[in-house]
Amino acid sequence: MNQAINQFESLSILVVDDSLVQREHVISVCQSYGIKNITTAVNGKEAIEKLAITKVDLAFIDLEMPVMDGVSLIREIASQKLLKFIIVLSSKDPTLILSIGTMAQNDGLCVIGTFKKPLQSSFLHASLNKMLNEKNRQNKQTQSYDLTAEDLLVALDKDNILIHFQPKLKVEILLLSGVEVLARWPHEKYGFVPPDKFISIAERFGIINKLTLIVIEKAFKQKQLWKDKGAIFNMAINLSPISLNDKGLTEKILLLAEKYHIIPEEITFEITENAIADHVSRAIEVLARLRLKGFQISIDDYGTGYASVQQLSRVPACELKIDKSMVIDIAICPQQQAILKSTLNMAIDLNLKTVVEGVENLDDFNYLRQHGVDTMQGFLLAKPMEKNRFEVWWKEELSLLRKKYT
Ligand code: G
Ligand code: G
Ligand code: MN
């Protein structure tokens, strides 16, 4: 707790509530986490005046207030970009609080909590951690990489693009069901370049099909090596939406499968929900051919896109992979819980297995386990690892995880 307290100490907070008792309660919970820099306002109008002259990291916003209510305040904060992080607090019906949270999120704010009053200490702690993680992530994202398509081509030709493996575990007994193959570019200047950066370069400059096939070949080669040692588990490989345009993709994959004696049933191709929504018939054509050959298909990043249930029902998929944005902090977020429950029901109706990614903490793990998810992937269980590290994890660390969590 001490380390956490130090982390939170430098935060500056605004508490907007017309009730003195509620303001004082929030202030005392914040102070118990070491936060000293706390400003208050009794309505939206006063909050905006304070925000104009004070730097604030996070605001607690009550909904019902005289003069200017919380809903107007949130819209104003978003349109003037006065602040990034908010927590919505109210004594109103939880569904109403949640829907206002959704509004704020859609307006571009980062809603780290939507809670019924009175604010609970453990919820605040989880929300503050969420905020620090989000800030870290944003700092990393703003790092700029001066990389060209040429650099990527050179890296591919020099065999500098590597693959790492992240385990997917069966929920009940933490059995290894498979690994996801994730491309990695160790760069002499930048360290590991995040895949988001170089995959997008590859997609924009017509290199993605080359990259995809290199990743697939490396994955198949490794699969064969493991199989020769008696290690058999599924391997999941990401396909870019652009790959759906490559008419010859299935044949190229089949040739590689033959070369490395791959059993198609042991391979899953992950394709994002939006790739399906954007090009339903093309997606169905490519995916159906892969499926006919026996490969498994997973709908990736589910929940970040806009595919309709009807579109999903037509894709020959076997698995629905629920995006980490719906998973992280699910134990404390009733809104995510509601979405998860309906998603799991839909998956049952469509005869899809469910995988959740982004299992980062024990509370989320327990919640997900109790609610009928099939398979989990996440930093709590294992991070993406290079081959040797993965083998050690499998041999030595998985059994420890089982003892700890089951
Ligand atoms: O570890 P992570 O940061 O690995 O990956 C970030 C994103 O990059 C994920 O959404 C993942 O789907 C994508 N990604 C990782 N490797 C590949 C790959 O080989 N092909 C494609 N198309 N996407 C990949
Ligand atoms: O392709 P997809 O978006 O499913 O790729 C998985 C991505 O999620 C990779 O970038 C991987 O590193 C990341 N990831 C896996 N587990 C976790 C987790 O527990 N937390 C977070 N934040 N990211 C994760
Ligand atoms: Mn994926």
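## Exercises: salt bridges and a manganese site

Aspartate 57 is buried, with a relative accessible area of 9%; buried means under 20% relative accessible area, exposed over 50% and partly exposed in between (1.4 Å probe, protein chains only). The model is predicted, so local features need pLDDT of at least 70 and side-chain atom pairs count only at pLDDT 80 or more, while totals for chains, interfaces and linings use all residues. Residues are numbered from 1 along each chain as its sequence is written, ligands are numbered from 1 in the order in which they are written, and side-chain values use heavy atoms, without hydrogens and water.

**Exercise 1.** Find the salt-bridge partner of aspartate 57 and state its exposure.

*Solution.* Step 1: a salt bridge is a side-chain nitrogen of Lys or Arg within 4 Å of a carboxyl oxygen of Asp or Glu. Step 2: aspartate 57 meets lysine 55 at 3.0 Å, N to O. Step 3: lysine 55 has 60% relative accessibility and counts as exposed. Step 4: the whole structure holds 27 salt bridges.

**Exercise 2.** Locate the two ends of the salt bridge between glutamate 266 and lysine 227.

*Solution.* Step 1: the closest N and O atoms of this pair are 3.5 Å apart. Step 2: glutamate 266 lies in the loop between α10 (249-259) and β10 (267-272), and lysine 227 in helix α9 (residues 208-228), 39 residues apart. Helices (H or I, at least four residues) and strands (E, at least two) are DSSP runs, numbered from the N terminus. Step 3: glutamate 266 is buried at 15%, whereas lysine 227 is partly exposed at 23%.

**Exercise 3.** Describe the salt bridge between glutamate 270 and lysine 321 and its wider network.

*Solution.* Step 1: the two side chains meet at 2.9 Å, N to O. Step 2: glutamate 270 sits in strand β10 and lysine 321 in strand β12 (residues 319-322), 51 residues apart. Step 3: glutamate 270 is buried at 1%, and lysine 321 is buried at 0%. Step 4: both belong to a salt-bridge network whose members include Lys168, Glu180 and Glu357.

**Exercise 4.** Which residues coordinate the manganese ion (ligand 3)?

*Solution.* Step 1: donors are N, O and S atoms within 2.8 Å of the metal (3.2 Å for Na, K and Ca); water is not among the atoms, so sites may look incomplete. Step 2: Glu180 (OE), Asn238 (OD1), Glu270 (OE) and Asp300 (OD) coordinate the ion at 2.0 to 2.4 Å. Step 3: the donor residues follow the spacing E-x57-N-x31-E-x29-D. Step 4: glutamate 180 in strand β7 (residues 176-187) and glutamate 270 in strand β10 are 90 residues apart. Step 5: glutamate 180 is buried at 4% relative accessibility.
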